[in-house]
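Welcome, and thanks for taking a look at this one with us. Please open the structure below and keep it at hand while you read.

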Amino acid sequence: MTTTSGHPIRSTPITIDHRTYENFLFNRIDDPDQVTDLWDAVPDERERMLDLMRALIAEEGAPPEQLERLGLS
């Protein structure tokens, strides 16, 4: 399914309790049903994704305290 702009609509096939601070990392290509959580299993990939997120946040001009609020500092 795609939006009118042609971008795919992402869904989360797992149920996440929104009150938790638990982190998840899935390979959506190899594991589209999000069965295997890679957060603890593949620390190098976790750090790569966190570095990408930090870079994107900085690129958008967010203040440094935003990284702290998100637990990314």
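The report below goes through salt bridges, ring contacts, a backbone feature and a pocket. Please keep in mind that this is a predicted model.

**Salt bridges**

A search of the whole structure turns up four salt bridges. Three of them are set out here, with the N to O distance for each pair.

| Basic residue | Acidic residue | N to O distance |
|---|---|---|
| Arginine 48 | Glutamate 45 | 2.8 Å |
| Arginine 46 | Glutamate 47 | 3.5 Å |
| Arginine 54 | Aspartate 51 | 2.8 Å |

Let's start with helix H1, which spans 43–59. Arginine 48 and glutamate 45 are separated by about one helical turn because they are three residues apart in helix H1. Arginine 48 is partly exposed at 43% relative accessible area, and glutamate 45 is also partly exposed, at 27%. Arginine 54 and aspartate 51 likewise sit three residues apart in helix H1, about one turn of the helix. Aspartate 51 has a relative accessible area of 46%, so it counts as partly exposed, and arginine 54 is partly exposed at 24%.

Arginine 46 takes part in a network of salt bridges that links it with Asp40 and Glu47. Within that network, arginine 46 is buried, with a relative accessible area of 16%, whereas glutamate 47 is partly exposed at 34%.

**Rings and their neighbours**

What does the charged end of arginine 46 sit over? It is the ring of tryptophan 39, whose centre is 5.5 Å away.

The structure also holds one aromatic pair. Phenylalanine 24 and phenylalanine 26 have ring centres 6.1 Å apart and planes at 10°, so the pair is stacked. Planes under 30 degrees apart are what qualify for that label. Phenylalanine 24 is partly exposed at 28% relative accessibility, while phenylalanine 26 is buried at 17%.

**An unusual backbone angle**

Most residues other than glycine have a negative phi. Glutamine 34 is not a glycine, yet its phi is positive, at about 50°. This residue lies in the segment before helix H1. Is glutamine 34 buried or exposed? With 7% relative accessibility, glutamine 34 counts as buried.

**The largest pocket**

The largest pocket has a volume of about 170 Å³. Its lining is made up of six nonpolar, two polar and one charged residues. Among the lining residues are Tyr21, Trp39, Leu50, Met53 and Leu70. Two residues described above return here: Trp39 and Arg54 both line the pocket. Trp39 carries the ring beneath the charged end of arginine 46, and Arg54 is the salt-bridge partner of aspartate 51.

Key
Residues numbered from 1 in each chain as written. Predicted model: local features only at pLDDT ≥ 70, side-chain atom pairs only at ≥ 80, totals over all residues. Heavy atoms only, no water. 1 Å grid on protein atoms, 1.4 Å probe; cavity = no way out; pocket = protein on both sides within 12 Å on 5 of 7 lines; lining within 4 Å. Points joined across faces, edges and corners; volume = space filled by probe spheres on them. Nonpolar A, V, L, I, M, F, W, Y, C, P; charged D, E, K, R; others polar. Helix = DSSP H or I, 4+ residues; strand = E, 2+ residues; numbered from the N terminus. Buried < 20%, exposed > 50% of the residue type's maximum accessible area, 1.4 Å probe, protein only. Phe/Tyr/Trp six-rings, centres within 6.5 Å; stacked < 30°, edge-to-face > 60°. Lys NZ or Arg CZ within 6 Å of the ring centre and 35° of its normal. Salt bridge = Lys/Arg side-chain N within 4 Å of Asp/Glu carboxyl O.
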